[in-house]
Amino acid sequence: MRLLFISSRYDDGIGGHAAMLASQLQKRGHSVDLLRVPHIPVKNLKNPSFAVLASLRALVTRWQRYDIVHAFNVPSALPMRCTRATKRVLSVHGVYWEQIGMIHSRAAARFATVAESTAFGWSDTLTTDSKKTASAYRELGYDLVHLPSAIDPTMFDGIVRAGEQTGKIVAYVGRDSYEKGTDILRGIEPDIHGAVRYCTHMKWRDAMSVLAGASVMVLPSRAESLPTAVKEAFYLRVPVVAMSVGGVPELIEDGKTGFLIEPGNARRMTEVVNGILDGSIPTQEVVEAAHSYVMQHMTWDAVMPRYEVTYKELLTGGRGTNQPN
């Protein structure tokens with residue numbers, strides 16, 4: 001197959017789903033191009049500038065034809081529409097209009113709802129990495145294919161604990177933004193019995209080096225899809241304490257593969273993190289169960305056949321459209 005991927009970022013300094021998926025498809029003999037364009041590095045202009053510039057790039061290169069163009073998240077939908085492709089796939093990570101409303105305003109959320117509906121109409125199939133997200137859209141009449149993101153264990157070869165770390169480290173891995181709850185973590189930081197390291201603007205290997213040496217990883221998010229950072233912590237056998245939002249409970253079984261906290265309950269998160277740090281909450285069985293889970297279910301070897309089947313079925317007419325019922 002010949003595919004074109006469109007994403008506003010392929011590597012955010014910690015890891016990029018589109019880039020990882022493209023790499024895995026290329027290893028399996030498929031041709032995958034990445035549409036790359038710059039965008040204005042201003043908060044409210046990043047997505048609009050990306051959509052416009054990527055659409056112009058797609059129009060300029062329209063002489064190229066692809067079997068499938070796969071766009072990641074709603075801002076990539078317009079350039080997706082501008083490409084020449086037999087079929088179009090749009091992936092969403094979380095409920096788009098809910099995320100926009102959380103970060104911006106109700107007015108922005110209403111606009112996002114319209115944009116989302118339009119974008120969905122341009123696609124031949126919709127996918128998401130979270131069962132929770134698929135269920136939310138199903139209630140709105142959309143049929144989303146569940147295709148979880150994954151990790152590549154070989155990427156961790158040579159990852160070692162960051163040399164400068166001393167004492168007990170609490171790691172946060174992700175964007176520094178409201179929906180990720182970094183303000184919640186900063187609010188409880190003075191009460192945590194360890195040093196918090198924020199892996200927000202790091203190269204992926206540097207972030208994994210910090211995570212590998214951490215006593216616990218904290219995910220204080222207000223919204224999530226199926227966070228890759230949790231899978232990375234599972235692989236590295238680092239216990240995870242996370243707010244029970246979005247697709248997080250699809251990965252973490254409370255007390256079995258990690259520790260779930262009621263959304264917004266910062267005091268309980270502090271208690272559990274400190275319990276892990278002082279040893280009153282045992283974690284050995286938890287991290288081993290988590291490692292086993294990610295190796296069995298969340299590696300690219302495990303999930304890639306589902307992507308290939310979805311693409312092939314789409315090209316042979318096996319998938320329907322995604323218009324609301």
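1. The expected span of a helix is 1.5 Å times one less than its number of residues. Helix H2, residues 46-60, can be checked against that rule. H2 has 15 residues and reaches 21 Å from its first C-alpha to its last. That is close to the 21 Å expected. Keep in mind that this is a predicted model.

2. Now the overall make-up. The chain has 13 helices and 11 strands. Of its 325 residues, 53% are buried. Among contacts with a separation of 6 or more, 66% join residues 24 or more positions apart. The chain exposes about 14600 Å². Carbon and sulfur atoms supply 51% of that area.

3. Back to H2, and its buried side. Which residues of H2 are buried? They are Ser49, Phe50, Ala51, Ala54, Ser55 and Ala58. Their cover includes two strands, S1 (2-6) and S2 (31-35). Helix H3 (77-82) is also part of the cover.

4. H2 also has surface to account for. Valine 52 is in this helix. Its relative accessibility is 47%, so valine 52 counts as partly exposed: the class lies between the 20% and 50% cut-offs. Val52 belongs to a nonpolar patch on the surface, together with Leu53, Leu56 and Leu59. The accessible area of these residues together is about 340 Å². A figure of the model could show this patch alongside the buried residues of H2, including Phe50 and Ala54.

5. Next, the cysteines. A disulfide is a covalent bond between the sulfur atoms of two cysteines. How many disulfides does the structure hold? The number is zero. Two cysteines deserve a line each. Cysteine 82 has a relative accessible area of 13%, and therefore counts as buried, the cut-off being under 20%. Cysteine 199 is at 0% relative accessibility, so this residue is buried as well.

6. Last, alanine 136. This residue lies in helix H6, residues 131-138. Is alanine 136 buried or partly exposed? It is partly exposed, because its relative accessible area is 27% and the buried class stops under 20%. Alanine 136 can also be paired with glycine 94. The two are 42 residues apart in sequence. In space, their C-alpha atoms are 9.1 Å apart.

Methods: Residues are numbered from 1 along each chain as its sequence is written. This is a predicted model: local features need pLDDT of at least 70, side-chain atom pairs count only at pLDDT 80 or more; totals for chains, interfaces and linings use all residues. Side-chain values use heavy atoms; hydrogens and water are left out. Helices (H or I, at least four residues) and strands (E, at least two) are DSSP runs, numbered from the N terminus. Buried means under 20% relative accessible area, exposed over 50%, partly exposed in between (1.4 Å probe, protein chains only). Contact means heavy atoms within 4.5 Å. Accessible areas come from the Shrake-Rupley method with a 1.4 Å probe; for residues, only the protein chains shown count as cover. A disulfide is a pair of cysteine sulfur atoms within 2.5 Å. Patches are made of residues with over 30% relative accessible area and no salt bridge: like charges are joined within 9 Å, nonpolar side chains (Val, Leu, Ile, Met, Phe, Trp, Tyr) within 5 Å. A salt bridge is a side-chain nitrogen of Lys or Arg within 4 Å of a carboxyl oxygen of Asp or Glu.
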